[in-house]
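Got the viewer open? Let's take a walk through this one, stop by stop.

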Amino acid sequence: MNEREPNNRRYVIGGVAIFIVAVYIVRLFTLQLLSDDYKKNADSNALLKQIDYPSRGLIYDRHGELLVFNQPSYNIMVVMNEEAGKLDTTEFCNALGITKDFFDKRMAEIKDPAKNPGYSRFTQQMFMTQLSDEEFSVFREKMFRFPGFYVQRRSIRQYTTPNAAHVLGDVAEVSPSDIEEESDYYQPGDYIGKLGVERSYEKELRGQKGVQILLRDAHGVIQGHYKDGEFDSKPVAGKDLTLGLDAKLQALGERLLEGKIGSIVAIEPSTGEVLCMVSSPTYDPRLMTGRQRGKNHAILQQDVWKPLLNRSIMGQYPPGSTFKTSQALTFYTEGIITAATAYPCYHGFSFGHLHVGCHGHASPLSLVPALSTSCNGYFCWGLYHMMANRQKYPTVQIAMNTWRDYMVSMGFGYKLGIDLPGEKRGLIPNAEFYNNAYGESWSGLTIISIAIGQGEVNLTPLQIANLCATIANRGYYYIPHVVSKIDGENAIDTLYTRRHYTKASHEAYEYVVQGMRSSVLGGTCHVANNPDYAVCGKTGTAQNRGKDHSVFMGFAPMDDPKIAIAVYVENGGWGATYGVPIGALMMEQYINGKLSEASEAKAAAFQARRIEYGSSSR
């Protein structure tokens, strides 16, 4: 036997022993210093971190009428490490009025890292949300029997009227993307504004969370505040908002558009505050509260008439003859026309084989009567002469981009920047657009339809209303905004208090105002005339693949404008059929504070009128 063999064996055994000890040391080091699993376990046994949620800010209309408030609700939270199979599931389900299948499914979802990325068995997880007072009172009596389950007091939004859903928006549970975007504030089960003002002003409305660190004994019974509340903080309530919205005007607008697809937008010219924003079809915002929100949202989302779509800022339409005001401003300021320039109109614009039709009226016409009668021929000739003027514009492309610059200065072609999510920009073509479509050989005749608000031009109803507000102000506008005041702040964002001047001259605006006033006194808008105040208006009949759209924009009083309004009714026919009378009723309601008896009868008749829509209107 080799005498060195015992020595080798001794070395091997010693090495194995040292290796085992080293492994234990490394594991202990990892557990005690690098891993927080045991710390979490210990902390969760001794301490309970309870979030105190702030009261969400209230929302009022311009007259102080409450539109949105809070109502108490309760969430059921669970700490999985404490529950750990100790629960009488049948009794628990009976107390909450849920099924065993729902319980099993919900517990599985909580543990699923794909559905609940922030899961930890040591911290509170959301089990069930938005219990009412009645539901909670039943559960509270038996809560001591359910280890690991806790109650979190919350609140849910309530709406005082069935109106203004698209403006107000709604509140719902945060999505994973919401949490990822602002992980330092939101956690699963939190609520966040999803649409409308609730979304745009989420940070102002939500407030700041508070926290209580509570001390528990070995049985999980709360013994009091950790270190007498030294590390506690109180919640800070969200800020209240005052809107420029007039609740009664909004309600009237929604009545008048019942059974119709379209939009009404009214703006206070002197501030840019939105007085009403109606999108039809609409829905009752109270459907989007409580545990039924998800179900109701799915129903609305599947509705072929798209009630969730805010057509006021998302609908992109041909503006029709309301757009002629912008053409008059451009042609006059550029020196293409004067107030006395007269163009012929023999039932429209005719040039060679090209003909753009028009209704019968006197011919030739100058600027003011051309606006009053909504003459297509006049504005087609104006655009033709601008695009063909080689003394002023060396190429048609330069002329086109000059025209485009005027349109952009009036708030077209880009988002205006209203304080609501989802605004669309519409379309204002430029020279490059037409070069791509026709090469470089196109002319004013090629694009003649844009002179009357057709062709490639698309605007949102908000942009049309803003055009009207700009005319009322004789050349400037404020970016339209819904919120007029934030509680505790001296002023709103300066973005909404700066004047934006257009490229058109003040003199040009005065002539356009005269044309719009003449239209109400004896032209296409005569239905809007009111003996109590001077109304200015412009009709539009926007061509469509089906029946034409009915459009109107107007403001009043002429020399001290309080309201500028745009009405757009899809497939409503002539502007005077729906747009003008609806706009007239809305202006009367706002200026006088109510409708006369005769006007109320008209409003009831319009509320009852329905337009038959085919599938192409959806």
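Helices and strands on this tour are DSSP runs numbered from the N terminus: H or I over at least four residues for a helix, E over at least two for a strand. You are looking at a predicted model, where local features need pLDDT of at least 70, side-chain atom pairs count only at pLDDT 80 or more, and totals for chains, interfaces and linings use all residues. Residues are numbered from 1 along each chain as its sequence is written, and side-chain values use heavy atoms, with hydrogens and water left out.

**Stop 1: the cis prolines**

Select Ser363 and Pro364: the peptide bond from one to the other is cis, with omega near -5 degrees. Pro364 belongs to the loop between β14 (354–357) and α15 (367–373). Now jump to Ser280 and Pro281, also joined by a cis peptide bond, with omega about 0 degrees. Pro281 sits in the loop between β12 and α12.

**Stop 2: the open sheet**

From there, step back into β12 and show its sheet. A pair of strands here means that DSSP finds at least two bridges between them. In which order do the 5 strands of the open sheet come? They go β12-β11-β20-β19-β18, with antiparallel pairing. The edges are β12 (273–280) and β18 (536–542), each with a single partner strand, so one side of each has no neighbour in the sheet. On average, neighbouring strands are turned by 5 degrees against each other, direction ignored; for such angles, axes are lines fitted to C-alpha atoms (for helices over the stretch in contact), and angles run from 0 to 180 degrees between N-to-C directions.

At the β18 edge, select β19 (549–556) too: the two strands pair antiparallel over 7 bridges. Pick Cys536 and you'll find Phe555 as its bridge partner in β19.

At the other edge, 7 bridges join β11 to β12, again antiparallel. Ile264 stands opposite Val278 of β12. These two strands make a hairpin with 4 residues between them, and Gly272 in the turn has a positive phi of about 85 degrees.

Is β12 buried or exposed? Buried means under 20% relative accessible area, exposed over 50%, and partly exposed in between (1.4 Å probe, protein chains only). By that rule 8 of the 8 residues of β12 are buried, so the strand is largely enclosed by the rest of the structure. Add helix α11 (247–256), which lies across β11 (262–268), β12 and β20 (563–569) and runs at about 25 degrees to β12; contact means heavy atoms within 4.5 Å.

**Stop 3: two positive phi values**

Select Ala164, which isn't a glycine but has a positive phi of about 65 degrees. Ala164 is in the loop between β5 and α7 (165–168) and counts as buried at 6% relative accessibility. Arg474, not a glycine either, has a positive phi of about 60 degrees. Look for Arg474 in the loop between α19 (461–472) and β15 (476–477); with a relative accessible area of 13%, Arg474 is buried.

**Stop 4: the largest pocket**

Finish by selecting Thr129, Glu173, Gly189, Asp190 and Tyr191, which lie nearest the centre of the largest pocket among its 46 lining residues. A pocket is an open set of points on a 1 Å grid over the protein atoms alone, where a 1.4 Å probe fits, with protein on both sides within 12 Å along at least five of seven lines; lining residues have an atom within 4 Å of a point. The volume is about 1200 Å³, taken as the space filled by probe spheres set on the points, which are joined across faces, edges and corners. Which strand gives the most to the lining? That's β4, with 6 residues.
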